[in-house]
Every structure is written in structure tokens, then in C-alpha cells.
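Here is a short tour of one chain, from its charged pairs to its core and its surface. Please have the sequence and the model open as you read.

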Amino acid sequence: MNSMDVLMRRWRLDLESTVPPFEQVRLRILDLASSGELAVGTKLPSVRALAGDLGVAANTVARAYRELEQAGIVITAGRSGTAIASGGDKIAAQVADAADSYAAVVRDLGMPRTQALRIVSAALERNNG
């Protein structure tokens, strides 16, 4: 399931609410990051794509992303987009960093993804993870 599907599942922006739309978007992403439904490293939809799906101006989503970035919940890397940086869970952030390092080694060595995932699963089993 992609991040747009997760964001929109069982949720709709309430344009008649007294809570501003940017704040509704910010709270939705914060809730999903905190619960782990949007894991650390998950790339969020582009500002324009999310705004289009929600039927709001791009500046509405941009403000939500900007406020989440200022809080350290997301990180924006230019054309690479915006991704979940933290859900407030430092352990998940450390594991995501280790996973990034592992993925880089797997890629550099040309190991097939399925084999790399089997190795991780076996290591977790050996360590009762």
C-alpha cells in the first residue's frame, strides 16, 4: 500500500470543520507517523498530488509539510520529495538507519532483494526478533 492510500484510508478532509485544512493534514500525517502506519523513511505524496486528491490548494499541503518538517517529523530533500523522518520513536529511526545501510550494501553487491530479505528474516529468527 502506498503512502497516498494510507493517508486517505478511512479519512477525509472536513472542509466545514473549524480546524483549518493544513492542520487537519498535519495532524493526519502526525498520527500515522506516531502509530507506525507511515514508517520512518516512507516517502509522502508530492504537495501537488496530495492537494489534488484532497481538493485543496497546494499551499495548504505545503504548509502542513513545512510545519511537520520544523517539528522533525518529516524531512524534505528537494526533488527527492518529503519522507517520514521520525514518528517520535528513536528506536524505529535507528532501525531505519541500519536498514538503509544494509540496503546500500545489498545494492552495491548486487544481491537479489528476495535473498537479502531471507537473510534478514533468518537473522531476526536467530535473535528471537
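## A guided look at the chain

Arg26 is buried, and Glu23 is buried too (buried means under 20% relative accessible area, exposed over 50%, and partly exposed in between, with a 1.4 Å probe and protein chains only). These two residues form a salt bridge, with their closest N and O atoms 2.7 Å apart; the term stands for a side-chain nitrogen of Lys or Arg within 4 Å of a carboxyl oxygen of Asp or Glu. Arg26 and Glu23 are about one helical turn from each other because they are three residues apart in helix H2.

Before going on, a word on the model: it is predicted, so local features need pLDDT of at least 70 and side-chain atom pairs count only at pLDDT 80 or more, while totals for chains, interfaces and linings use all residues. Residues are numbered from 1 along each chain as its sequence is written, and side-chain values use heavy atoms, with hydrogens and water left out.

How many salt bridges does the structure hold? There are four, among them the three in this table.

| Pair | Closest N to O distance |
|---|---|
| Arg26 and Glu23 | 2.7 Å |
| Glu67 and Arg63 | 3.1 Å |
| Asp108 and Arg107 | 3.3 Å |

Glu67 and Arg63 sit four residues apart in helix H4, so about one helical turn separates them. Glu67 counts as partly exposed because its relative accessibility is 24%, and Arg63 is partly exposed with a relative accessible area of 37%. Asp108 and Arg107, in turn, are both exposed.

Now let us step back to the whole fold. The chain has six helices and two strands, taken as DSSP runs numbered from the N terminus (helices are H or I with at least four residues, strands are E with at least two). In sequence order they give the pattern α-α-α-α-β-β-α-α. The C-alpha trace spans about 50 × 30 × 25 Å along its principal axes. Of the 129 residues, 30% count as buried. Among contacts (heavy atoms within 4.5 Å) with a separation of 6 or more, 55% are between residues 24 or more positions apart.

What about the interior? The largest nonpolar core has 23 residues, and Val25, Ile29, Leu50 and Leu54 touch the most other members. Such a core is a set of buried Ala, Val, Leu, Ile, Met, Phe, Trp, Tyr and Cys residues joined through side-chain atoms within 4.5 Å. At least two residues of this core come from each of helix H1 (3–8), helix H2 (21–35), helix H3 (47–54) and helix H4 (58–70). Beyond its neighbours within four places in sequence, Ile29 contacts Leu7, Leu44, Tyr65, Leu68 and Ile84.

On the outside, the accessible surface comes to about 8500 Å², and carbon and sulfur atoms account for 53% of that; areas come from the Shrake-Rupley method with a 1.4 Å probe, and for residues only the protein chains shown count as cover. Tyr102, Ile119, Val120 and Leu124 make a nonpolar surface patch of about 300 Å². Patch residues have over 30% relative accessible area and no salt bridge; like charges are joined within 9 Å, and nonpolar side chains (Val, Leu, Ile, Met, Phe, Trp, Tyr) within 5 Å. Helix H6 (residues 113–126) gives the most to this patch, with three residues. Ile119, found in helix H6, counts as partly exposed because its relative accessibility is 38%.

One last stop is the loop between H1 and H2, where Arg10 lies. Arg10 has a positive phi of about 55° although it is not a glycine. Most residues other than glycine have a negative phi. Arg10 counts as exposed, at 76% relative accessibility.
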